Amino acid sequence: MGKFYVTTPIYYVTAKPHIGHAYTTVIADILARWHRLKGEKVFFLTGTDEHGGKVEKYAADAGKSPKEFVDDVANSYKFAWDSLNISYDKFIRTTDKEHEVAVQRFANLIWDNGDIYKSKYEGWYCLPDETFIPDSEITDEKCPYCGRPVQRLQEDAFFFSLSRYREPLLRVFDENKTFLMPKSRYNEILNRLNDELKDLDITRKSVKWGIQFPPSPDHTIYVWFDALLNYISALGWPDGENFKEFWPADVHVVGKEIAWFHSVIWPAMLLAGDISLPKAVLSHGWWTVDGKKMSKSLGNVVDPMDIIKRYSEDAFRYFLIKEKPIWEDGDFSEKALVSRINGELVADLGNLVSRVLTLASRYKGEIAGDIDLENADIDKISSLFDSFDVTGALEEVWKFIRSVNKYINDKEPWKLEGAELGRVLNNSLEAIRVIAILLEPFMPASAVKIREQLGVRETKFSDIKLSTFNGSVKRGENLFKKYD
Ligand code: ME8
């Protein structure tokens, strides 16, 4: 039996979850559910990134202790993920004791290996991004990535010899051409890596809200160095059973802006610790909202809870995956969401289920007969999943849904009777059963509703094939509501 380990970034607790966080987490959930469906042993990790100067500042602004502050936001993430039906196996928080112990152990390990040295940091720092920025990239004292003001830092610091890993990393990129996806991002990061790789400041003296750096306890560990280690601390590195079973990760799903951290800094840390590397980093594109970058000041931050309440978790999940290829950027608007709900969820899927179930529940004869409808292309769907193209896989499932609608339109079962009607109903019900299995990773709640109406039990990968229907039909409510 295969295994599959998938992760999301651990999100900062300085804001509540928004559509971007929901997007990454839904992609990871779909991958996790697909691999479970295939019968593999899956570990799906998500969580929150709770240390650092930014959290310290936000907590102080809110008149709370950092701990009170992070507890509240971590809970809002858990609540959002429950509402979106996210099937994570573990929710890690970087303030978990086990994580803190693992980070210190790792720091000691590479300190002993001679990969950390003391020096001074002088340069720019972007607090919202928790990132050190070289002088050459700064204009007007603004962060080149997020445009917000940067601050000048000057302090004693410990450095990780990142530059030592440039050659080994180049080899990783050379030997594994899909180490970072998509190809355009791979090329971009490879170019940067070809240019130069500077050592990385991994401690902060002025930040108190962080994990103590054991060789010099008046320093705390830089938040990114702490955060990246979540992917192994969550598995109980170094001795935990989960670590032995699930590491290396099959895929880290992240947004494009943190591809560098995941495909360069993280692998270098692992090389320094003599730990094997993840198999792939999938860096997806970004969402804008109504054509604009999402920001608090514009007041256009999309709250997933709001969308789920007004539409449904499945409509939201469907939209996120169907609206744009995962590698590319895309735009969210409520108009586009409603148009997909009405034009696809209601018109293609909801109507299919409701008209077949209505006919079947009236029919008293035997539901059976030869199959004259083509199966869904499972090989194609599987290979799209293998390359993490969840949008492509959903397209392919939708193609099957449309082909079943066409089959029914061609056969006109409402004009048929007797054995011929029994046959067409068998094929249509079987097709809907298969659709429910294929949709489970994407829209788990709707998959359950369809299964209940068909009166079939939970199914396995090997059941994704048209056969003889053996459920007992019970027509229920429509799956989706139409909106104006
Ligand atoms: O970067 N469109 O956390 P974060 C799509 N704590 N995805 C988006 C998005 C958008 N507009 N905005 C955010 C951090 N995301 C660190 C990660 S991991 C060891 C530490 C998603 O709260 C996307 O996945 O800023 C992005 O990478 C992530 O949220 C950043 O979340």
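**Exercise 1.** Which residue of β12 is the bridge partner of H252?

*Solution.* The model is a predicted one.
Step 1. Take the two strands concerned: β11 (251–255) and β12 (281–284).
Step 2. These strands, β11 and β12, pair in the parallel sense, over four bridges.
Step 3. Look along β12 for the bridge partner of H252, which is V281.
Step 4. For another position, take V254; opposite V254 in β12 stands S283.
Step 5. Follow the chain between the strands: from β11 the path goes through α10 to β12, a β-α-β crossover that is right-handed.

**Exercise 2.** State the strand order of the open sheet of six strands, and find its edges.

*Solution.* Step 1. Read the order across the sheet: β3-β2-β1-β11-β12-β7, with parallel pairing.
Step 2. The edge positions belong to β3 (90–93) and β7, and each of these has a single partner strand, so one side of each has no neighbour in the sheet.
Step 3. Add the helix: α1 (residues 19–37) packs on the sheet and touches β1 (3–12), β2, β11 and β12. The direction of α1 makes about 165° with that of β1.
Step 4. Check the pairing of β7 with β12, which is in the parallel sense over two bridges. For L180, the bridge partner in β12 is V281.

**Exercise 3.** Are the residues on the two faces of β12 buried or exposed?

*Solution.* Step 1. Assign the residues to faces: V281 and S283 lie on one side, L282 and H284 on the other.
Step 2. Apply the cut-off for buried, which is under 20% relative accessible area.
Step 3. The four residues V281, S283, L282 and H284 are all buried, and both faces of β12 are therefore covered.

**Exercise 4.** Locate E50, decide whether E50 is buried or exposed, and list what E50 touches.

*Solution.* Step 1. E50 sits in the loop between β2 (41–49) and α2 (53–61).
Step 2. The relative accessibility of E50 is 0%, so E50 counts as buried.
Step 3. Find the polar partner: the E50 side chain makes a polar contact with the side chain of T95, at 2.6 Å.
Step 4. Leaving aside residues up to four places away in sequence, E50 touches V13, V55, V70, A74, R93, T94, T95 and W209.

**Exercise 5.** Where are the cis peptide bonds that precede P182 and P248?

*Solution.* Step 1. The bond from M181 to P182 is cis, with omega near 0°. P182 belongs to the loop between β7 (180–181) and α6 (183–195).
Step 2. W247 and P248 are also joined by a cis peptide bond, with omega about 5°. P248 is in the loop between α9 (241–246) and β11 (251–255).

**Exercise 6.** D274 and D290 have positive phi although neither is a glycine. Place each in its loop and decide whether each is buried or exposed.

*Solution.* Step 1. For D274, phi is about 60°. D274 lies in the loop between α10 (259–272) and β12 (281–284).
Step 2. The cut-off for exposed is over 50%. D274 has a relative accessible area of 72%, so D274 is exposed.
Step 3. For D290, phi is about 50°. D290 lies in the loop between β13 (287–289) and α11 (304–310).
Step 4. D290 is at 52% relative accessibility and therefore counts as exposed.

Methods: Residues are numbered from 1 along each chain as its sequence is written. This is a predicted model: local features need pLDDT of at least 70, side-chain atom pairs count only at pLDDT 80 or more; totals for chains, interfaces and linings use all residues. Side-chain values use heavy atoms; hydrogens and water are left out. Buried means under 20% relative accessible area, exposed over 50%, partly exposed in between (1.4 Å probe, protein chains only). A polar contact is a pair of N or O atoms within 3.5 Å; within protein, one must be able to donate a hydrogen and the other to accept it, and residues adjacent in sequence count only if both atoms are side-chain atoms. Contact means heavy atoms within 4.5 Å. Two strands pair if DSSP finds at least two bridges between them. Axes are lines fitted to C-alpha atoms, for helices over the stretch in contact, and angles run from 0 to 180 degrees between N-to-C directions. A crossover is right-handed if, with the strands pointing away from the viewer, the path from the first strand over the helix to the second runs clockwise.
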